[in-house]
Structures are given as C-alpha cells and as structure tokens.
Amino acid sequence: MFGAQELMDIYVQDFSHVRKLAAPLIQRKSQSTANLVANTSLSLNQKGPSRRPDPIILLSPSASSLLRLSNARSFLEDGKFVPPDAGASTVSMLHVQRVIRAVDPNRPMRFILVEGPEQFKPEYWPRVVAVFTTGQTWQFKNYKWSSPNELFKHVQGIFVGWRGDQPPDNVRDWGHRVLSANIDRWRGAGFDASRFRDKEAVESIWKTVELNMRSKGWKKDAAPTAI
C-alpha cells in the first residue's frame, strides 16, 4: 500500500524535461506551417488561366524601417501611420487592397506584402511592383538583382522617412527610381489629429506604384511575365 506522501509523489511530477524535449519539435512544426502558408498564398491563383496573380510588394526587414508587416495595413490602406511593433513579428505575410484605376477601375486589387523573397519561385519576380527600402544594401542579398542600381531598373523603390530628415546617402544616389515619402514624426497615440498628412504620403506612394504597374503591362486579367 502507498502512503499519502507516496501518492502525492506519484501524481505530482515534474514534466519540465518532457517540455524541453518537445520544444524544438513544436518550433520546427510551427515554422514549417508558416512557410507552407506563405508559399501557398504567394502562389494563389498563379495557375488559373483566367485569373490574374496578385502583385507583390517587398518590405524591408530592417529593424530601423518605419514600415513593417505590423503597421503596413494601417498605413497603406487607412492612410495612418502608427509605429511598427518593437518585437519580432510572427506574421510572415500580409494582404492589403487598393483600387488601381489604370489596371482595374471597378474592383480593388489585392497586394501581397512580404519582408523577403525567401519563399519566391523565379516566376514570382515579375509580380513585384515595389520594394520598400531603408537604404541598407544587405536587404537585397537574396534578391534576383542584388545590385541596387540594377534592381531599381526593374522595380520601383520606395523610402519612407521622417519629414525634415535627409534620406540616406544610398537612397539619394539611387536617384528617381526610389521615391522618398516623408511623414511627420510620431508624437504618441494622443496626437492622432496631427497625422492628416500621412494620407498625402500614402497617395504619392500608390500613385507611383500605379504608374509603374501600368508601364510594366499589368492588365485587368493578366500580369507581366517579365520586368
């Protein structure tokens, strides 16, 4: 027979060693699932003969970037800047919508936003309509065109910075192929009324994206096969 204390020892056990062993497996499964979701969404409607694939926008993964996946929808859809989350984002992809009148004036287009091309297939590159950059060249290491001067011959570049600050030297050197969009400094959540000029910056970004898409041959029912 077991005494009361012995029964307690049996039922109250430390399973921390089990959790430690299982943690790497759970993490790998989570990462694998995230990659699968990202890859599936990137290729969504890619093979449909009558459906146009979604255009892609590449954001900078730099911690100094004012625009990250955590705040891109608020900025690009609502025209309101809020600071990106300080912590590492668990989201690997984002969708935003916008009517691009030069392509389809009757319905919004869905854009796929990602912070890197790690899940890209070669046929995805013609779908890239803009690259947001901080001017840091390491961002382009895994791009189809790792040289910024070559990259921005094919894709529109966009730099978002604080109003009144000079863009980085690299951004200025890349010339007119990188649009500089300036926004007012963040003063806190209680100063929302001062964000009215964010919409002006957002409209200038979308106007540039639209002009670039039209010049690259985007159609209502088709995307370019090369850029």
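These legends accompany close-up views of a predicted model.

**View 1. Strand β5 and its surroundings.** Start with strand β5, which covers residues 157-162. Six of its six residues are buried, so the strand is largely enclosed by the rest of the structure.

**View 2. The strands that pair with β5.** Here you can follow β5 to two partners. Strand β4 (residues 128-132) runs parallel to β5 and is joined to it by two bridges. To find your way, look for F132, whose bridge partner in β5 is I158. Strand β6 (residues 178-183) also runs parallel to β5, and six bridges join these two strands. A helpful landmark for this pairing is V160, whose bridge partner in β6 is A181.

**View 3. The largest nonpolar core.** In soluble globular proteins, nonpolar side chains tend to be buried together. The largest such core in this model has 32 residues, and F111 and L113 touch the most other members. At least two residues of this core come from each of α3 (72-76), β2 (94-98), β3 (109-114), β4, β5, β6 and α6 (198-216). The largest share belongs to α6, which gives six residues.

**View 4. The contacts of L113.** Which residues does L113 touch, leaving aside those up to four places away in sequence? The contacts are I57, L59, L69, A72, L76, S92, M93, L94 and V96.

**View 5. A second core.** Separate from the core in View 3, a second one is made up of 20 residues. Among its members are W125, F140, V155 and V178, which make good starting points for exploring it.

Methods:
Residues numbered from 1 in each chain as written. Predicted model: local features only at pLDDT ≥ 70, side-chain atom pairs only at ≥ 80, totals over all residues. Heavy atoms only, no water. Buried < 20%, exposed > 50% of the residue type's maximum accessible area, 1.4 Å probe, protein only. Helix = DSSP H or I, 4+ residues; strand = E, 2+ residues; numbered from the N terminus. Pairing = 2+ DSSP bridges. Core = buried A, V, L, I, M, F, W, Y, C linked by side-chain atoms within 4.5 Å. Contact = heavy atoms within 4.5 Å.
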